[in-house]
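Got the viewer open? Load the model, switch to cartoon, and keep the selection tool handy.

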Amino acid sequence: MDEKKLLAAALTEGFANAALIDTKSITFIPAFRILCEENTCGKYNANHACPPLCGTVEEMREKLLQWPRALVLQTMWDIDDPLDSAQIKPAKEQHNQMTRRLIAQAESPCLMVGASGCDLCSPCTAAEGKPCRFPDRCASCMSAYCIFVEEMARGCGMEYDCGPGVTAFFSLICF
Ligand code: SF4
């Protein structure tokens with residue numbers, strides 16, 4: 001599927017906004033890694049797609065930049081507390097499922113960057129020290145890549161902070 005068709009398919013899938021970018025326009029901020037180390041999601045050192053198991057910030061950056069173009073995907077949710085994991089977790093899972101459905105439609109090689117860490121298996125085999133079950137489908141999140149999401153969203157004309165009562169999530173399909 002060409003990129004314009006993929007963009008149109010994203011809006012049909014239900015994403016609030018979608019935009020095409022060059023991946024070289026993405027800013028990576030290594031200092032963001034501390035947010036993963038705080039482990040509020042519980043996946044630090046417990047998921048192959050999350051730090052430190054996923055690799056260094058530089059390794060993640062190099063991995064992403066192998067793909068020159070990306071589709072930025074945004075969903076918006078009626079969530080008044082962006083720190084309330086009971087509301088955030090299912091919304092991020094739904095966002096990731098929408099992203100995976102879009103990838104299935106694309107039928108082309110790509111790299112997914114999720115709204116949250118990989119949730120294909122429960123639990124992730126990393127917890128048992130075993131290899132990833134689906135290395136071709138596992139997806140690290142924006143935080144694992146240390147992507148400056150706010151700047152990226154602004155560059156696409158999307159709002160990062162959507163105001164009271166609304167929380168936005170983002171993912172990427174790199175191709
Ligand atoms: S595909 Fe399964 S085993 Fe691999 S990172 Fe994702 S959750 Fe873990």
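Here is a tour that goes from the whole fold to the sheet, the core, the ligand and two single residues.

This is a predicted model, in which local features need pLDDT of at least 70, side-chain atom pairs count only at pLDDT 80 or more, and totals for chains, interfaces and linings use all residues. Residues are numbered from 1 along each chain as its sequence is written.

**Start with everything.** Colour by secondary structure and you'll find 6 helices and 4 strands, where helices (H or I, at least four residues) and strands (E, at least two) are DSSP runs numbered from the N terminus. Walking along the sequence, the order is α-β-α-α-β-α-β-α-α-β. The C-alpha atoms fill a box of roughly 40 × 35 × 30 Å along the principal axes. The radius of gyration is 15 Å, which agrees with the value near 16 Å for a compact globule of 175 residues; that radius is taken over C-alpha atoms, and the rule is 2.2 Å times the number of residues to the power 0.38.

**Now select 69-77.** That's β2, and 7 of its 9 residues are buried. Buried means 20 or more other C-beta atoms within 10 Å of a residue's own, exposed means 12 or fewer, and partly exposed is in between, with C-beta atoms placed from the backbone. Add residues 17-22, strand β1, which pairs antiparallel with β2 over 6 bridges; strands pair if DSSP finds at least two bridges between them. To see one of these links, pick Ala-18 and its bridge partner Leu-73. Then add β4 (167-174), which runs antiparallel to β2 and is joined to it by 8 bridges. Thr-75 opposite Phe-169 is a good place to zoom in.

**Show the core.** Which residues have the most contacts inside the largest nonpolar core? They are Leu-71, Val-72, Val-113, Ala-144, Phe-170 and Ile-173, in a core of 38 residues. Such a core is a set of buried Ala, Val, Leu, Ile, Met, Phe, Trp, Tyr and Cys residues joined through C-beta atoms within 7 Å. β4 gives the most to this core, with 6 residues. Centre on Leu-71: beyond its neighbours within four places in sequence, its contacts are Leu-6, Leu-7, Ala-10, Ala-18, Leu-20, Leu-172 and Ile-173. A contact here is a pair of C-beta atoms, placed from the backbone, within 7 Å.

**Jump to the ligand.** The shell around it holds 13 residues, and the closest are His-48, Cys-118, Cys-121, Cys-124 and Cys-132. To count, a residue's C-beta atom, placed from the backbone, must lie within 6 Å of the molecule. Colour the shell by class and you get 9 nonpolar, 3 polar and 1 charged residues.

**Finish with two residues.** Cys-174 lies in strand β4 and counts as buried because it has 20 C-beta neighbours inside 10 Å. Draw a C-alpha distance to Met-112: the pair are 62 residues apart in sequence and 6.3 Å apart in space. Setting aside sequence neighbours within four places, the contacts of Cys-174 include Trp-67, Cys-110 and Val-113.

Ala-106, in helix α4, has 19 C-beta neighbours inside 10 Å, so Ala-106 counts as partly exposed. With neighbours within four places left out, Ala-106 is in contact with Met-1 and Leu-6. From Ala-106 to Leu-65, 41 residues apart in sequence, the C-alpha distance is 20 Å.

Notes: Ala, Val, Leu, Ile, Met, Phe, Trp, Tyr, Cys and Pro count as nonpolar, Asp, Glu, Lys and Arg as charged, and the others, Gly among them, as polar. Two residues are in contact if their C-beta atoms, placed from the backbone, lie within 7 Å.
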